[in-house]
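Here are a few exercises to work through with the model on your screen. Try each task yourself, then read the solution step by step.

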Amino acid sequence: MILSLDFSSETPIYLQIRNQVLLAIAGGKLKPGEKLPAIRTLANEAGVNMMTVNKAYQLLKEEGIISIDRRSGAFVSLSRDSKADVLARLSKELELIVSEAKVKGISKAEMRELFNRLLEGMEEEK
Amino acid sequence: MNIFIKIFLLVLLYPVLPIMYFLLMNETKPRKNIVLGVTLPYPALDDPELKAACQQFKRALGKAVLLLAFPPFLVFFADSISVVMFILFYWLLLAIIIPFIPYTKYHRKLKALKQERNWEAGSSQKILVDLKALAANDVQAKVWPVIPALLVSAFPLAYELTAGLSQTHFSILAVCATLLLVTVLFFTLYRLVSRQRTEIIAEDSEYNLVLTRIRRVNWTRFWLSAAWINALYTVILWLSVTGRTVFFVFLLATALYTVAILWTVLKAEFATRNMQHKLAAASPAPLYTDEDRYWINGMFYYNPNDQKSLVSNRVGIGMTVNLARPAGKITMAFALLCLLSVPVLPLWVMAEEFTPLRIEATESAIVITHLSEIAKIMAQEIESVELLPELPAARRIVGTGMDNLRKGTFDVEGYGRGKLYLNPRQPPFLVIYTRQGFIMINGTGEVLAFLEDKIPGFSP
């Protein structure tokens, strides 16, 4: 799985790491149980601060996407949060996205089409 | 000067030229998708203009190498060691620098072509990291295979230090310490290989994983072998400078050392390159990043965004430093200093060879001067004096041993170890015994008169 970090992007690096790991899991490129590089190794490889990688990993851990063990490192480990909890969190996040789309003049039909395309894309990748 | 020494020096240094030629010629073959230090998109590799530029570069390089092919043979017309060294060392410097002139020219030409054809590969502010390959390769090279090499390399220095500083010579300690430092450097590089960036040539992590492993295995093997070769050479050199082996053993060991290091480094590089080429060709989705903006003339790496001090070299073999890092700057400064010492050394030897040795007598002492004052023998220190019509056979331990100059510590047949400050072509010779040992000098008229006056019973 290739992580592409864009230093000229406005998105912070830790968020780029988090987003791309999430996308890779959703797309089946990273599977549950798969090992992730150690914080120091990834920071050294990408030429970023260890705190940046640590922040991304902590965020992924809080979201129940990875687990971090002091001895064996980080693993993809989807937590068994109740579906209702996940839906509630996603609903909050989507509310913001939908509001932004409305402000920018994107119609409901366009949003539906975009959402369907993304879901289909994920199905294909899997 | 002995013809065998000339042949030996020539055999030792001449391979630099074919190696430079071979390595730079190889830069026209796409390494990943880098040609003459310029990153190109895969379809551009078949561009006719690109191929024509590569052909022109090959011809220019061939001409440069041909120009450099003959000057070293001038050594067979030179008699003095400093002139031989002057020819060979200056040639060596030119053999390293000149082939890079056509390289830089055609590198710039390809860069211009790339810009003209719009072959830039998107944002070069991007860094690609293969998470799977990185996680799987997160293994440090083991320390234990190098420990015995470090101990072997440290033995001569430890032996000399335990023998007592008064018994040994500073330059012997310096030689042992320098070679030990080289072994430590090889050990450090051996450990650093596993911290080098993961290779990315494809979307599929399996390809990146295999290539990264192959590169690391080959280069850890190389640095391990180099540490061992250097450790063994340290011992042989120490045995040679302390007079425990014959000079021929030292010559043979030096030749073998050079051949072994060259052989192992080329083996590591080309095993990795071949595999890289095969894997890139086999990959269904090849991938590359354009980092050209961080490479000055395709040779020097300067990337402030990269925290790594060592990266894989783009031109030639092995690794290079990141000049944006302090460690990179220090290493490059040291390398430049070493390169600059190449033209200085023959000039120093020339000064040694062509400056006459002056042996003068003052009111109370014999003063020996060569470039600067090197010895002063006070009359009251002299216990006895012996006059020799011929110089006995002598073997240099530390110092200068030329056809017209013996300066330093020597083992002299029938006399043991002592100091020699003389021109062997100018008999007679004097053996001056003091409490510290003996000193051999030329018996000039001035000195003979001084000794006759100061030493009771001495008559030339």
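**Exercise 1.** Find A:Arg112 and decide: is it buried or exposed?

Solution. Start with the count: A:Arg112 has 10 other C-beta atoms within 10 Å. Now the cut-offs: a residue is buried if 20 or more other C-beta atoms lie within 10 Å of its own, exposed if 12 or fewer, and partly exposed in between, with C-beta atoms placed from the backbone. So A:Arg112 is exposed. Next, place it: A:Arg112 sits in helix α5 of chain A, residues 108-125. Helices (H or I, at least four residues) and strands (E, at least two) are DSSP runs, numbered from the N terminus. Last, take a distance: A:Ile17 is 95 residues away from A:Arg112 in sequence, and C-alpha to C-alpha the two are 27 Å apart in space.

Before you go on, a word on the model and its labels. This is a predicted model, in which local features need pLDDT of at least 70 and side-chain atom pairs count only at pLDDT 80 or more, while totals for chains, interfaces and linings use all residues. Residues are numbered from 1 along each chain as its sequence is written, and chains are lettered from A and ligands numbered from 1 in the order in which they are written.

**Exercise 2.** Sketch chain A as a whole: which elements does it have, and in what order do they run?

Solution. Count first: chain A has 5 helices and 4 strands. Walking from the N terminus, you meet β-α-β-α-α-β-β-α-α. For the overall dimensions, the C-alpha atoms fill a box of roughly 50 × 35 × 25 Å along the principal axes. Of the 126 residues in chain A, 21% are buried. Then split the chain: the domain assignment (bounds from an automatic or database assignment) gives domain 1 at 13-76 and domain 2 at 83-125. The C-alpha centres of these two domains of chain A lie 24 Å apart.

**Exercise 3.** What is the strand order in the open sheet of chain A?

Solution. The sheet has 3 strands in the order β2-β4-β3, with antiparallel pairing; two strands pair if DSSP finds at least two bridges between them. At the edges stand β2 and β3 (66-69) of chain A, each with a single partner strand, so one side of each has no neighbour in the sheet. Zoom in on one pair: β2(A) and β4(A), residues 73-76, are joined by 2 bridges. There A:Leu36 stands opposite A:Ala74. Finally, add the helix: α3 of chain A (residues 50-62) lies across β3 and β4 of chain A, at about 120 degrees to β3(A). Such angles run from 0 to 180 degrees between N-to-C directions, with axes fitted as lines to C-alpha atoms, for helices over the stretch in contact.

**Exercise 4.** Where does chain A touch chain B, and how many residues are in contact?

Solution. Two residues are in contact if their C-beta atoms, placed from the backbone, lie within 7 Å. By that rule 18 residues of chain A meet 23 residues of chain B. On chain A's side, the elements giving two or more residues are β1 (2-6), β2 (35-36) and α2 (39-46). Sorted by class, that side has 10 nonpolar, 5 polar and 3 charged residues. (Ala, Val, Leu, Ile, Met, Phe, Trp, Tyr, Cys and Pro count as nonpolar, Asp, Glu, Lys and Arg as charged, and the others, Gly among them, as polar.) Now look at β1(A): 5 bridges join it to β3 of chain B (residues 126-130), and the two run antiparallel. One bridge pair to spot is A:Leu5 with B:Ile127.

**Exercise 5.** Which residues of helix α2 of chain B are buried?

Solution. In this helix, residues 16-26, the buried ones are B:Leu17, B:Met20, B:Tyr21 and B:Leu24. Look down the axis of α2(B): these residues fall within an arc of 100 degrees, so they line one face of the helix. That arc is taken from the directions from the helix axis to the C-beta atoms. What do they pack against? Their partners are α3 (48-69), α4 (81-97) and α5 (100-116) of chain B. Turned away from the buried side of α2(B) are the exposed residues B:Pro18 and B:Phe22.
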